[in-house]
Amino acid sequence: MKKEDKAIIIEKITETLKQYPCFYLVETAGLNAEKTSDLRRACNKADIKLLVVKNTLLHKALESLDADYSELYSCLKGSTSVMFSNVGNAPAKLLKDIKKKDKDAALPALKGAYVEETVYIGADQLETLANIKSKNELIADVVALLQSPAKNVISALTSGGTKLHGILETLSNK
């Protein structure tokens with residue numbers, strides 16, 4: 001590959017890294033054609049961009065960015081696919097679903113991830129990554145917490161009003 005071609009590919013990888021706040025490094029080399037196309041379809045449905053890259057080109061793209069990705073460099077061995085996502089836990093949930101459907105499958109295997117400005121290394125981090133709440137889930141939790149006291153006050157006021165009305169109705173009938 002020519003040096004100019006490598007520079008163009010590194011630039012494209014860098015631009016993709018800038019577009020997405022989260023990415024996962026995944027081993028997919030041993031997948032057959034059917035499982036690879038299933039993985040790609042699942043990624044498209046989950047709004048995850050899957051990109052197979054050369055480790056040296058990804059390494060150079062990561063070095064060109066402002067953030068420190070040095071912890072992930074140890075994961076850049078063998079073949080590497082990168083799963084880009086705007087939702088931090090989406091790729092982890094996808095990988096868990098694949099493992100759940102085919103319990104004997106060793107691939108795709110998580111090598112490492114960069115989520116919410118934190119680096120996760122190793123396949124054992126999959127459960128942790130799947131349990132990270134997305135921004136929308138956190139907002140929904142906060143809204144639910146804020147609504148709960150207000151609902152309790154309104155409920156107490158309305159239930160007390162009907163009780164008081166019932167007591168006054170009973171007294172007026174006597």
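**Exercises on a predicted model**

Helix α1 (residues 3–19) and helix α3 pack with their axes 9 Å apart, at an angle of about 55 degrees. The model used in these exercises is predicted.

**Exercise 1.** Determine how α1 and α3 are oriented to each other, and which residues form their contact.

*Solution.*
Step 1. The angle between α1 and α3 is about 55 degrees. Angles under 35 degrees count as roughly parallel, and 65 to 115 as roughly perpendicular. The two helices, α1 and α3, are therefore oblique to each other.
Step 2. The handedness of the crossing is assigned next: α1 and α3 cross in a right-handed sense.
Step 3. On the α1 side, the contact is made by Lys-6, Ile-9, Ile-10, Ile-13, Thr-14 and Leu-17, which meet Leu-57, Leu-58, Lys-60, Ala-61, Leu-62 and Ser-64 of α3.
Step 4. Sorted by class, the residues in this contact are eight nonpolar, two polar and two charged.

**Exercise 2.** Establish whether Asn-55 is buried or exposed, and identify its contacts beyond its neighbours within four places in sequence.

*Solution.*
Step 1. Locate the residue: Asn-55 belongs to helix α3, which covers residues 55–64.
Step 2. Relative accessibility under 20% is the criterion for buried. Asn-55 has 16% relative accessibility and so counts as buried.
Step 3. Once neighbours within four places in sequence are set aside, Asn-55 is in contact with Leu-76, Lys-77, Gly-78 and Thr-80.
Step 4. With Leu-76 there is also a polar contact, in which the side chain of Asn-55 reaches the backbone oxygen of Leu-76 at 3.4 Å.

**Exercise 3.** For Asp-47 and Glu-117, state the sign of phi, the location and the exposure class.

*Solution.*
Step 1. Asp-47 is not a glycine, yet its phi is positive, at about 60 degrees. Glu-117, likewise a residue other than glycine, has a positive phi near 60 degrees.
Step 2. Asp-47 is placed in the loop between α2 (33–45) and β2 (49–53). Glu-117 is found in the loop between β4 and β5 (118–121).
Step 3. The criterion for exposed is over 50% relative accessible area. Asp-47, at 56% relative accessibility, therefore counts as exposed. Glu-117 has 70% relative accessibility and so also counts as exposed.

**Exercise 4.** Describe the peptide bond from Leu-107 to Pro-108 and give the location of Pro-108.

*Solution.*
Step 1. Omega of the bond from Leu-107 to Pro-108 is near -5 degrees, and the peptide bond is cis.
Step 2. Pro-108 lies in the loop that runs between α4 (90–101) and β4 (109–115).

Notes:
Residues are numbered from 1 along each chain as its sequence is written. This is a predicted model: local features need pLDDT of at least 70, side-chain atom pairs count only at pLDDT 80 or more; totals for chains, interfaces and linings use all residues. Side-chain values use heavy atoms; hydrogens and water are left out. Helices (H or I, at least four residues) and strands (E, at least two) are DSSP runs, numbered from the N terminus. Buried means under 20% relative accessible area, exposed over 50%, partly exposed in between (1.4 Å probe, protein chains only). A polar contact is a pair of N or O atoms within 3.5 Å; within protein, one must be able to donate a hydrogen and the other to accept it, and residues adjacent in sequence count only if both atoms are side-chain atoms. Contact means heavy atoms within 4.5 Å. Axes are lines fitted to C-alpha atoms, for helices over the stretch in contact, and angles run from 0 to 180 degrees between N-to-C directions. Angles under 35 degrees count as roughly parallel, over 145 as roughly antiparallel, 65 to 115 as roughly perpendicular and the rest as oblique. A crossing is left-handed if the near helix is turned anticlockwise from the far one by less than a right angle, and right-handed if clockwise. Ala, Val, Leu, Ile, Met, Phe, Trp, Tyr, Cys and Pro count as nonpolar, Asp, Glu, Lys and Arg as charged, and the others, Gly among them, as polar.
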